[in-house]
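I opened a notebook page for a structure that was new to me. Here is what I looked up, entry by entry.

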Number of protein chains: 2
Amino acid sequence: MSDPSAPRTRVRATDSKHRLFTASMELIGARGHHEVSVDEIARAAGVSKGTVYYNFGSKSELIGELLNYGAAILFERFERAAEVPDAADGLRLMIADALEFIAEYPSFAQLWISEQWQSDSDWANALATLRHEVIALVRSALARMAADGPPAPGSPEADLDTLATAIFGAALILGRDRLVFHPERGIESCVEAVMAFTAPLR
Amino acid sequence: MSDPSAPRTRVRATDSKHRLFTASMELIGARGHHEVSVDEIARAAGVSKGTVYYNFGSKSELIGELLNYGAAILFERFERAAEVPDAADGLRLMIADALEFIAEYPSFAQLWISEQWQSDSDWANALATLRHEVIALVRSALARMAADGPPAPGSPEADLDTLATAIFGAALILGRDRLVFHPERGIESCVEAVMAFTAPLR
DNA sequence: TAAACCGAACTGACCGGTCAGTACAAATAG
DNA sequence: CTATTTGTACTGACCGGTCAGTTCGGTTTA
């Protein structure tokens, strides 16, 4: 990390944190956090191990901040979708956003999938909140669609919460699955498949 | 599993293997395989550590066989569903079977979820096959439904493979999610929610 | 009798976390 | 203007613990 020809330009205050984020994303996304050591992350980030513990208190905290970082980005994107007047269009946009996000930050999705339902994960609380907020967003879109849609669906409709969870699960899995097993699959067809869930409401 | 060229010996001594399966299921389902040591599994099964290595070559192999064991049970149940004449009813039964199976073997589901999309997992091949077969089953049910259903769905229908994957993901996640976050949620309402995906085909 | 199992000690590698020390820029004092 | 101090970012050797897997003499069971 010593630059011999060091120009007088700013020594780049601290991008160590960002470099560590990027490196962690890459490694953890591909192999899972258990299979990646702190030494390895540090090496990949071009930083010493001590720097990891200087910037983050622990490996767990590093991953926790990675999670916050990703969640913030995701919700920022969802905000646009929430403003769309038509509920169905809004939901469609939200799903597309989610799929794009997953493609862009695969390790976030992987971490989410593997830790979300592990009851005593280090990040159980953070993930439970994340899950809750995403599902609430989907459910409110569904509620709006139901209000706009058929007057009273005679069929004993699955309750909206369950339906919202199903959509959440389908999008999450489909988003990750296409990256691993069907790279040729377009986001469009995935969005359509997930939207099929809303058919009873239209 | 057991050596085929050893028929003369009674295969069923004290079924340590079965006890180890059960114990592993329990522990790994709750905490993840990385967080559970072999010593712990042996202790929980009331068996010595040596027995683990006598019956299985390694921890990884133990889990691999656990996966086979679970997959065999799952497919055995699916077989009944495949015989139902009406495609929609068959699929509905299949989903219900899956949800029950997940409730009964939560660790199988957890392991599946966390390892399926981890590209270099020890069990990547086994899981990829499992995934493929389940999705193929769902797709064939969907194909039958599409054939029985509306003459020609004018809308640019999401292709059946993608739809089948969405259903697979929704059922897997919903099945696991209800155990962790909504124990009060009945299997029935989950089945209905997943079946909502098939609405465009009916 | 031979396969299955016990139990307990042991090995060796790996890994998270620590810590004394370095580098260096900005602030402060003389 | 020079000398000293302070604070921040970072280094990398090292430590303690954990855990998969091994070994082996003795014991049970079909």
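**Entry 1: the two copies.** I began by laying chain A on chain B: a rotation of 180° with 0.0 Å of shift along its axis superposes them, at an RMSD of 0.3 Å. The two copies are thus related as by a two-fold rotation axis. The fit was by least squares on the C-alpha atoms of residues with pLDDT of at least 70 in both copies.

**A note on the source.** This is a predicted model, in which local features need pLDDT of at least 70 and side-chain atom pairs count only at pLDDT 80 or more, while totals for chains, interfaces and linings use all residues. Residues are numbered from 1 along each chain as its sequence is written, and chains are lettered from A and ligands numbered from 1 in the order in which they are written.

**Entry 2: where the chains meet.** I asked how many residues each chain brings to the contact. Chain A gives 35 residues and chain B gives 35 residues, with contact meaning C-beta atoms, placed from the backbone, within 7 Å. On the side of chain A, the elements giving two or more residues are helix H1 (16-31), helix H6 (106-116), helix H8 (160-180) and helix H9 (187-195). Helices here are DSSP runs (H or I, at least four residues), numbered from the N terminus. H8(A) provides the largest share of that side, 12 residues. I sorted this side of chain A by class and found 18 nonpolar, 10 polar and 7 charged residues. In this sorting, Ala, Val, Leu, Ile, Met, Phe, Trp, Tyr, Cys and Pro are nonpolar, Asp, Glu, Lys and Arg are charged, and the others, Gly among them, are polar. The copies meet through the same surface, because 100% of the interface residues of chain A are also interface residues in chain B.

**Entry 3: a covered helix.** How many residues of H6(A) are buried? I found 11 of its 11 residues buried, among them A:Phe108, A:Leu111 and A:Trp112. Buried means that 20 or more other C-beta atoms lie within 10 Å of the residue's own, with C-beta atoms placed from the backbone. The buried residues of H6(A) pack against H1, helix H4 (59-82), helix H5 (87-104), helix H7 (124-148) and H8 of chain A, together with H6 of chain B.

**Entry 4: DNA strand D.** I counted 21 residues around DNA strand D, the closest being A:Ser16, A:Ser48, A:Gly50, A:Thr51 and B:Ser37. A residue is near a strand if its C-beta atom, placed from the backbone, lies within 6 Å of it. The largest share of this surface, 5 residues, comes from H3(A). By class, the surface near strand D has 6 nonpolar, 10 polar and 5 charged residues.

**Entry 5: DNA strand C.** Which helix gives the most to the surface near DNA strand C? It is H3(B), with 5 residues. In all, 20 residues surround strand C, and A:Ser37, A:Ser58, B:Ser16, B:Gly50 and B:Thr51 are the closest. I sorted these too: 6 nonpolar, 10 polar and 4 charged.

**Entry 6: domains of chain A.** The domain assignment, automatic or from a database, gives domain 1 (13-57) and domain 2 (65-201). Their C-alpha centres lie 29 Å apart. I also noted that 9 residues of domain 1 of chain A are in contact with 9 residues of domain 2 of chain A.

Technical notes
Two residues are in contact if their C-beta atoms, placed from the backbone, lie within 7 Å. A residue is buried if 20 or more other C-beta atoms lie within 10 Å of its own, exposed if 12 or fewer, and partly exposed in between; C-beta atoms are placed from the backbone.
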